[in-house]
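This report describes the domain arrangement, the ligand surroundings and selected backbone features of a single protein. Please read the text alongside the sequence and the structure shown here.

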Amino acid sequence: MAKMYINPNVECGKIHKEIQGHFSEHLGRCIYEGLFVKDDSGIDNVNGMRTDVVQALKEMKIPVLRWPGGCFADEYHWKDGIGPVEKRKKMINTHWGGVLEDNSFGTKEFMELCRQLGCETYINGNVGSGTVQEMSEWVEYMTFDGVSPMADLRKENGNEDPWTVNFFGVGNENWGCGGNMTPEYYANEYRRYQTYVRHYPDSKNPNKPRIYKIACGANSADYNWTDTVMKIAGNYMDGISLHHYTITHDWSKKGSATDFTKEEYYMTMKGMVFTDELINKHVAIMDKYDPAKRVGLIFDEWGTWYDVEPGTNPGFLYQQNTMRDAIVAGTTLNIFNKHCDRVRMANIAQLVNVLQSVILTEGEKMVKTPTYHVFKMYSDHQDNTLVQSSIEKSKVGVGDKMVDDLYESVSKAEDGTVTVTITNLCADEERTIDAVITDYPVSKITGTVITEEMHACNTFDNKDVVTEKEFKGFKKTENGFTLTMPACSVVKLTLKK
Ligand code: AHR
């Protein structure tokens, strides 16, 4: 039996709701078809936004959405996506699939989507192929409330009031698709570009939040990038990003999303739990330059990346999602929670129809993936206080593909309710846990679980194979609880005094 310790009186930081953020890119069928449909599609929509998808995302409590990329961001020229739709420029999406991009989803449409979702906005600007003026004018167009060329242009386009931009990314992957820059070069460019990402006060909204400026961070374990950018530009940013994808083999053979061996399951787990080491190392570098932890680590691209589904456009990156992905999501969110003193936001890639998506669509059909159910389950952690917890771990796996079996995080809401989430990575054995809670006399425990055999997935014909179900496999004890976690499972317990 694994021992677990929880002390709700030792508070370890705020779990910002944005840790459960998402990412929408002009890639494959994410924006077009997945989120935004044309009038002649016959699919229910409000101002082009799919009603079924918006409803599901609201139920999941989506806190923030990043847009328009990804690699697409550093090729995106925002003026192509404003004004009358029929006059907008048509172009080829050179990065993703070489398909026509008609710019019918632009700034106004993104803001409308976020309005319907009730979520915050995270815009990613173009450094790679855009100018300082272009970036500066976009911010002016979106957020300025006075008389100015860009505010006037917005009004001419039918949007009298400015929008709120909560987060702004100054470039994306500028070490790669965003311009192949060195960290020194990017850091200096960042200092220049961010100068003109202005905060425009709004007379009608005195509490308007300042734009949170995010510098492009490292590719996975490129610690030199973080070190150099923090050294040169750390004082000019609110956050620095980090991208890390979980691939099963390597970039030339990423493996199938649905057809995998037990060994491959543990390879995926190994790639995913590396997230913890990555964060520790990047945070140690950030601590050197920012010991007060003012700058947030923004993990704005993460998730599993497999080979595309057979027969689909390789440039669309469309993949299915199984119980294996649910374990990846639950464990990663537990890891992020544990680092909430530094991880300010994270955005899984991508929202609909791409990598580790929470929703898949096919024409008018929609299905919620196992990953969706994990995000919905974990939404109780949003804006809670992380409290001290630990769990005894043992190794599980195949051959040299060994990982720790249990990952947990525990948070406390303002009303004292405690939320415990635990993942059991072991593919085929249950785990029993004996939890001791310090100074918290529990009067009531309720639970839910997501569990199935590791290959299980939700399809358009069979939508509810993997869902969140009521869980009764726990017992209250004198000073806590015992619990039996099914193999390959994500469990949430809600404790009340
Ligand atoms: O998520 C797909 C791509 O992965 C993004 O466009 C890019 O930022 C990253 O390389």
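## Ligand surroundings

Which atom of the ligand is 2.8 Å from an N or O atom in the side chain of Tyr-245? In this model, which is predicted, that atom of the ligand is an oxygen atom, and its partner is an N or O atom in the side chain of Tyr-245. For Glu-25, an N or O atom of the side chain is found 2.9 Å from an oxygen atom of the ligand, whereas for Cys-71 a backbone N or O atom lies 2.8 Å from an oxygen atom of the ligand.

Glu-25, Cys-71 and Tyr-245 are among the residues that surround the ligand, and the list also includes Gly-70, Trp-96, Asn-172, Glu-173 and Glu-301. Trp-305, Gln-350 and Leu-355 belong to these surroundings as well.

## Two domains and their contact

The domain assignment of the protein gives domain 1 as residues 16–382 and domain 2 as residues 388–496, and the C-alpha centres of domain 1 and domain 2 lie 29 Å apart. To the contact between them, domain 1 gives 41 residues and domain 2 gives 45 residues. The area that domain 1 and domain 2 bury between them is about 3,500 Å², with 65% of it on carbon and sulfur atoms. On the side of domain 1, Tyr-266, Met-323 and Met-377 lose the most area to domain 2, and together they account for 22% of what that side buries.

Polar interactions also join the two domains: 24 residue pairs, both members at pLDDT 80 or more, are in polar contact between domain 1 and domain 2. The elements that give two or more residues to the side of domain 1 that touches domain 2 are α7 (262–289), α8 (323–338), β14 (359–362), β15 (365–368) and α9 (370–378). Of these, α8 gives the most, with 10 residues. By residue class, the side of domain 1 that touches domain 2 divides into 19 nonpolar, 13 polar and nine charged residues.

## Salt bridges

Side chains of opposite charge can pair when their charged atoms come close. A search of the whole structure finds 36 salt bridges, and the count between domain 1 and domain 2 is four. Asp-428 forms a salt bridge with Lys-262, with the closest N and O atoms 2.4 Å apart.

Another salt bridge pairs Lys-412 with Glu-11, whose closest N and O atoms are 2.8 Å apart. Because Lys-412 lies in strand β19 (residues 406–412) and Glu-11 in strand β1 (residues 2–14), this pair ties together parts that are 401 residues apart in sequence.

## Backbone features

Most residues other than glycine have a negative phi, and most peptide bonds are trans. Against that background, a cis peptide bond joins Trp-67 and Pro-68, with omega about 5°, and Pro-68 is found in the loop between β5 (64–67) and β6 (91–93). A cis peptide bond also joins Gly-69 and Gly-70, with omega about 20°; Gly-70 is likewise placed in the loop between β5 and β6, and this glycine is one of the residues that surround the ligand.

Elsewhere, Asn-180 has a phi near 50°, a positive value in a residue other than glycine. The place of Asn-180 is in the loop between β9 (167–170) and α5 (183–195).

How values were computed:
Residues are numbered from 1 along each chain as its sequence is written. This is a predicted model: local features need pLDDT of at least 70, side-chain atom pairs count only at pLDDT 80 or more; totals for chains, interfaces and linings use all residues. Side-chain values use heavy atoms; hydrogens and water are left out. Domain bounds come from an automatic or database domain assignment. Contact means heavy atoms within 4.5 Å. Buried area is the accessible area (1.4 Å probe) that two parts lose on being put together, summed over both. A salt bridge is a side-chain nitrogen of Lys or Arg within 4 Å of a carboxyl oxygen of Asp or Glu. A polar contact is a pair of N or O atoms within 3.5 Å; within protein, one must be able to donate a hydrogen and the other to accept it, and residues adjacent in sequence count only if both atoms are side-chain atoms. Helices (H or I, at least four residues) and strands (E, at least two) are DSSP runs, numbered from the N terminus. Ala, Val, Leu, Ile, Met, Phe, Trp, Tyr, Cys and Pro count as nonpolar, Asp, Glu, Lys and Arg as charged, and the others, Gly among them, as polar. A residue is near a molecule or strand if one of its heavy atoms lies within 4 Å of it.
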